Amino acid sequence: MQLIWFRQDLRIHDHAALWHGAQQGACIALITLSPEQWKLHQDARIKIDFYLRRLGILKQQLAQLNIPLIILNVPLWQELPAKLLTLCQQLNIDTVHANIEVGVNELHRDFQVQQRLEQQQIKVELYHDRSLFPLGSIRNQSSQPYQVYSAFKKKCYERLILDIPSCYPAIQPQDPLELPAQLNSFDLQKFVADYEVDDAAQLWPAEDHAAFELLDDFIGEKMTHYKTERDLPAVDGTSRLSPYLNIGILSIRQCIQALFKQHQGYFQIDDIGQQTWLDELLWREFYLHTLFDFPRVSRHRPFKESTDKVQWRNAPEDLIAWQQGQTGIPIVDAGMRQMRATGWMHNRVRMITAMFLCKNLLIDWRLGESWFMQHLIDGDLAANNGGWQWCASTGMDAVPYFRIFNPVSQSQKFDPNGDYIRQWVPELAHLDAKSIHEPYAKNSALELDYPKPMVDLKASRVRAIEAFKSL
Ligand SMILES: Cc1cc2nc3c(=O)[nH]c(=O)nc-3n(C[C@H](O)[C@H](O)[C@H](O)COP(=O)(O)OP(=O)(O)OC[C@H]3O[C@@H](n4cnc5c(N)ncnc54)[C@H](O)[C@@H]3O)c2cc1C
């Protein structure tokens, strides 16, 4: 009997562990829910809600394949080795199959489980599934990991020219299997009710068709203009697939196959939109490989170790103003409010808000990383950490410390009519396209129900450069 342990990969199509398991015999599926671990990892409530809604769908899909799903509530991961051993012995499991998760705690968890089960002759097979290429397989001429995105990307292009990773074939239904009653007793609906978030199901439906419609719409309609529109937060110009990729409703191979489907799966770049999207998917890949090769980045350590000496300001009130979207810098406040209201923030605005925190406010990037994790539906250790360390100039191939975005100029450039600000900062909705980016610039006595800028952008820029220069 094969046990397929689902984690951040809640789908039945193109699933490495499920496919390999099904080749070896009859399968039972397993999900372990770990609420205490979610707290430790600061997972956003909206992300947990999304995950649990999806789990209900996965259960039905597995049932159509006659694969029963066992749900275990295991609050902390250290309890897992013993619990899984008991379960495997009870079910007479030969092999546990799972897709690799790249975080340090996740790798440690799997190592502990593997050791415990293999002592009892139960095999554990782990598969590369979340990344396009096996982790640890993209190497330079000295067999070392790349530390520069452009070189990493070039290597990935070479690999794609040779072979675009294809999707696993669909699984056929197996003969019906009965589970012992006590293993079938988990009340998922009751559990879900504790995590429900209002409106999230409308905003982020968890069905397969929602993900595939977004993908088809992006490839068919939006991709042509992606290069220009991806930076405009008022325009719906990106795929919005990050929540679906994050919990594995969609696989990275499905995205890549869709990208090259016009060419029957052969690598051919037709236009700049297609190339730009590929490059963004490869940023995702880059950060996954970085986390794998340099696990310290997930232990609250900067990639560039010298930057650990930056004298960050201890400014709790400033941090709260940023978190609440009350900085007095409209584009920053719009982004922070969009994230709290929807669980998602536009990429350009993620960069602006993050850089504002760690450069203009000179507040430790780790506090921002953690706040994002607590609110993003797509919160992903590798991408979030990568994004924050890029903005803070502490990461691999990060922005140089002296290249600091001016949030007002960014706002004027990327939200020229102020429509994005108007949507999320309604106090400013009546202002015209010129003044909305900097409402008090021409008239500091203007009466608005909106704070004055909490920091002088020029002086704080100089302060940040000094803090880094002195290292
Ligand atoms: C400070 C900061 C924090 C971030 N935190 C996260 C996070 O927790 N989870 C997350 O998925 N992304 C994160 N990103 C990356 C990026 O902002 C989101 O992936 C993107 O906004 C998702 O929107 P989309 O699906 O429409 O992207 P699209 O533009 O359609 O891109 C397609 C996919 O490529 C990947 N991708 C795109 N840009 C990036 C990038 N810069 N880095 C890594 N992957 C990328 C995502 O999986 C995305 O869904 C962060 C970026 C920054 C600057």
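How much space lies in the largest pocket? About 1,300 Å³. Keep in mind that this is a predicted model. Let's walk through that pocket, then its ligand, then the cavities.

The pocket first. Its lining is made of 42 residues. Closest to the centre are Arg230, Glu280, Trp283, Arg284 and Asn347. Remember Asn347, please. What kinds of residues form the lining of this pocket? They split into 20 nonpolar, nine polar and 13 charged.

Now the helices. Five of them each give at least two residues to the pocket lining: helix 10, helix 11, helix 13, helix 16 and helix 18. Helix 10 covers residues 226-229. Which helix gives the largest share? Helix 13, with nine residues.

Next, the ligand. Where does the ligand sit? In the largest pocket. Around the ligand there are 28 residues. Those that come nearest are Tyr226, Thr238, Ser239, Arg240 and Asn347. There is Asn347 again, this time beside the ligand.

Let's look at some atom pairs. In the side chain of Asn347, an N or O atom is 2.7 Å from an oxygen atom of the ligand. Ser242 uses its backbone: an N or O atom there lies 3.0 Å from a ligand oxygen. Asp378 also uses a backbone N or O atom, and that one lies 2.9 Å from a nitrogen atom of the ligand. How much of the ligand does the protein bury? Taken alone, the ligand exposes 810 Å², and the protein buries 95% of that.

Which elements build the shell around the ligand? Four helices each give two or more residues: helix 11, at 242-246, helix 13, at 272-293, helix 16, at 347-360, and helix 18, at 381-391. Helix 13 provides the largest share of this shell, with six residues. By type, the shell has 15 nonpolar residues, seven polar and six charged.

Last stop, the cavities. The structure holds four of 30 Å³ or more. The largest cavity has about 100 Å³ of space. Who lines this cavity? Among them are Phe286, Tyr287, Thr290 and Leu291. Val297, Ala382, Asn385 and Gly386 are also part of the lining. So are Gln389, Trp390, Gly395 and Met396.

Two helices each supply at least two of these lining residues: helix 13 and helix 18. Here the largest share comes from helix 18, with five residues. The cavity lining divides into seven nonpolar residues, five polar and no charged.

To recap: the ligand sits in the largest pocket. Helix 13 gives the largest share of that pocket's lining, and also of the shell around the ligand. For the largest cavity, helix 18 takes that role. Thanks, everyone.

Methods: Residues are numbered from 1 along each chain as its sequence is written. This is a predicted model: local features need pLDDT of at least 70, side-chain atom pairs count only at pLDDT 80 or more; totals for chains, interfaces and linings use all residues. Side-chain values use heavy atoms; hydrogens and water are left out. A residue is near a molecule or strand if one of its heavy atoms lies within 4 Å of it. A polar contact is a pair of N or O atoms within 3.5 Å; within protein, one must be able to donate a hydrogen and the other to accept it, and residues adjacent in sequence count only if both atoms are side-chain atoms. Accessible areas come from the Shrake-Rupley method with a 1.4 Å probe; for residues, only the protein chains shown count as cover. On a 1 Å grid over the protein atoms alone, a cavity is a set of points where a 1.4 Å probe fits but cannot get out, and a pocket is an open set with protein on both sides within 12 Å along at least five of seven lines; lining residues have an atom within 4 Å of a point. A molecule sits in a cavity or pocket if more than half of its atoms lie within 2 Å of its grid points. Ala, Val, Leu, Ile, Met, Phe, Trp, Tyr, Cys and Pro count as nonpolar, Asp, Glu, Lys and Arg as charged, and the others, Gly among them, as polar. Grid points are joined across faces, edges and corners, and a volume is the space filled by probe spheres set on the points.
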